[in-house]
Amino acid sequence: MKRKIAIYPGSFDPPTNGHLDLIKRGLKLFDGIIVAILNNPSKGTLFNLEERIEMLKEIFKDHSNVEVDSSDGLLVDYVIERDAHVILRGMRAVSDFEYEFQMALMNRRLNRNVQTVFLMTGLRWIFISSSIIKEAARFGGDVTDMVPPIVHKKLKEKYDSLK
Ligand code: PNS
């Protein structure tokens with residue numbers, strides 16, 4: 001039988017414990033997950049592509065069923081290219097709904113063979129986002145329990161180098 005693979009796309013600038021939680025829960029539904037860093041034209045990034053790949057690879061180094069990849073094209077094209085057919089996204093609160101709904105419908109319009117599957121973000125991580133973590137870290141806030149250790153280290157290095 002064919003392995004069921006989902007693409008988990010995002011900016012991952014940087015990856016958070018919310019992302020990790022979602023991937024781990026996604027692995028209960030899919031045989032494998034490809035974590036794909038894509039361009040969100042409405043966001044500038046703190047970490048460059050290589051830095052984000054490095055962090056994600058370190059985080060998932062012991063998970064043989066998680067692959068880290070990137071693409072600079074259209075998400076639905078990438079999904080088909082990888083022979084996956086499923087986009088996995090997390091939904092935190094009502095505030096995410098409009099954006100996620102719009103994106104899912106646009107992706108469906110672009111390719112009807114690609115399905116978007118949503119998982120609710122774990123309650124513990126419902127209030128965190130990469131943006132809010134960056135803001136807290138930038139002004140010296142302690143984000144230790146919100147991000148994986150490698151991300152904590154890289155955030156500190158990044159903001160120290162910008163001082
Ligand atoms: O983590 P983000 O920033 O919410 O992820 C958004 C992302 C990167 C998945 C989205 O911007 C995207 O799919 N970019 C690739 C270009 C694309 O296919 N855009 C059309 C989607 S409607």
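## The loop after strand 1

Strands here are DSSP runs of E at least two residues long, and helices are runs of H or I at least four residues long, both numbered from the N terminus. With that in hand, start at the loop that sits between strand 1 and helix 1, where you'll find Phe12. Keep in mind as you look around that this is a predicted model.

Phe12 has a phi near 50°, which is a positive value in a residue that isn't glycine. A bit further along, the peptide bond running from Asp13 to Pro14 is cis, and its omega is near 0°. Pro14 also belongs to the loop that links strand 1 (5-10) with helix 1 (17-26). Why point these out? Most residues other than glycine have a negative phi, and most peptide bonds are trans.

## Around the ligand

Now for the ligand. It has 15 residues around it, and the ones that come nearest are Ser11, Asn39, Asn40, Lys43 and Leu75.

Ser11 offers a side-chain N or O atom 2.5 Å from an oxygen atom of the ligand. Asn40 also uses its side chain, with an N or O atom 2.8 Å from a ligand oxygen. For Leu75 the backbone does the job: one of its N or O atoms is 2.7 Å from an oxygen of the ligand. On its own the ligand would expose 550 Å², and the protein buries 83% of that.

## Two helices side by side

Next, look at helix 2 (residues 49-59) and helix 6 (residues 149-161), whose axes come within 9 Å and cross at roughly 155°. Angles over 145 degrees count as roughly antiparallel, so that's how helix 2 runs relative to helix 6.

Helix 2 brings Glu51, Glu54, Met55, Glu58 and Ile59 to the contact, while helix 6 brings Ile150, Val151, Lys154 and Lys158. Sorted by class, that's four nonpolar, five charged and no polar residues.

Note on methods
Residues are numbered from 1 along each chain as its sequence is written. This is a predicted model: local features need pLDDT of at least 70, side-chain atom pairs count only at pLDDT 80 or more; totals for chains, interfaces and linings use all residues. Side-chain values use heavy atoms; hydrogens and water are left out. Axes are lines fitted to C-alpha atoms, for helices over the stretch in contact, and angles run from 0 to 180 degrees between N-to-C directions. Angles under 35 degrees count as roughly parallel, over 145 as roughly antiparallel, 65 to 115 as roughly perpendicular and the rest as oblique. Contact means heavy atoms within 4.5 Å. Ala, Val, Leu, Ile, Met, Phe, Trp, Tyr, Cys and Pro count as nonpolar, Asp, Glu, Lys and Arg as charged, and the others, Gly among them, as polar. A residue is near a molecule or strand if one of its heavy atoms lies within 4 Å of it. A polar contact is a pair of N or O atoms within 3.5 Å; within protein, one must be able to donate a hydrogen and the other to accept it, and residues adjacent in sequence count only if both atoms are side-chain atoms. Accessible areas come from the Shrake-Rupley method with a 1.4 Å probe; for residues, only the protein chains shown count as cover.
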